[in-house]
Amino acid sequence: MKKAISAIIAGAVLMLALAALSACTGGGTAKYDAEVSDTLVVFVAEEVSGDMSVKDYFDGLAEEGKLTYTISGGMVTEINGKENVSGTNEGDFWMFYSDLTELDGVIYANPDYGTYEYNGKTLASCSYGIEGMPVVEGYTYAAVYQHTSW
């Protein structure tokens, strides 16, 4: 009897762990559309349902053949064949911006770290990588290939 109860408890714990893991990996859906060029990928999140990150959205764009991209160490290193290039104290990189600056007390983008103007909107530099940056319906997201010095 004790073994049966232990097995039931272990099974319940396993099911809860799997549910939590699947919740962390996104699983939302959206209408995948973006303006894509050599140096710019911009989308306004439309018809988003469920939890979704920018990575999830990029995965959807990639599945529909609208772009390719590569991530290394949590950083986007290439979009559509255009790779980050680092030099001494400067480089060309894919930088991410959004007008989703704050949600539920979390700062997702900060204009103090840079801005990008797009269609009359000022987008702020994202504070999170694409895996941690949520996609929220109605907000604008931009990946911009830029020269940066430090």
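## Exercises: core, helix and rings

Val 54, Tyr 57, Phe 58, Ile 79, Phe 96, Val 135 and Tyr 141 touch the most other members of the largest nonpolar core, which has 26 residues. Such a core is a set of buried Ala, Val, Leu, Ile, Met, Phe, Trp, Tyr and Cys residues joined through side-chain atoms within 4.5 Å. Buried means under 20% relative accessible area, exposed over 50%, partly exposed in between, with a 1.4 Å probe and protein chains only. The model is predicted: local features need pLDDT of at least 70, side-chain atom pairs count only at pLDDT 80 or more, and totals for chains, interfaces and linings use all residues. Residues are numbered from 1 along each chain as its sequence is written, and side-chain values use heavy atoms, with hydrogens and water left out.

**Exercise 1.** Work out which elements each supply at least two residues of this core.

*Solution.* Start with the elements: helices (H or I, at least four residues) and strands (E, at least two) are DSSP runs, numbered from the N terminus. Then go through the core: β3 (40–44), α2 (54–63), β6, β9 (90–98) and β14 (140–149) each supply at least two residues. The largest share, 4 residues, comes from α2. Apart from this core lies another, of 7 residues, including Leu 40, Tyr 97, Ala 142 and Val 144.

**Exercise 2.** Find the buried residues of α2 and what they pack against.

*Solution.* First pick out the buried ones: Val 54, Asp 56, Tyr 57, Phe 58, Gly 60 and Leu 61. Next, look for contacts (heavy atoms within 4.5 Å). The buried residues of α2 pack against β1 (29–31), β3, β5, β6, β9 and β14. Finally, step just past α2: Gly 65 takes a positive phi of about 75° there.

**Exercise 3.** Classify the ring pair of Phe 43 and Tyr 57, and place it in the chain.

*Solution.* Recall the cut-offs: rings of Phe, Tyr and Trp (its six-membered ring) pair if their centres lie within 6.5 Å; planes under 30 degrees apart count as stacked, over 60 as edge-to-face and the rest as tilted. The structure holds 8 aromatic pairs. In this one the centres are 3.8 Å apart and the planes at 10°, so Phe 43 and Tyr 57 are stacked. The pair links distant parts of the chain, with Phe 43 in strand β3 and Tyr 57 in helix α2, 14 residues apart. Phe 43 counts as buried at 2% relative accessibility, and Tyr 57 does too at 0%. To finish, follow the ring pairs outward: they link Tyr 32, Phe 43, Tyr 57 and Tyr 141 into a cluster.
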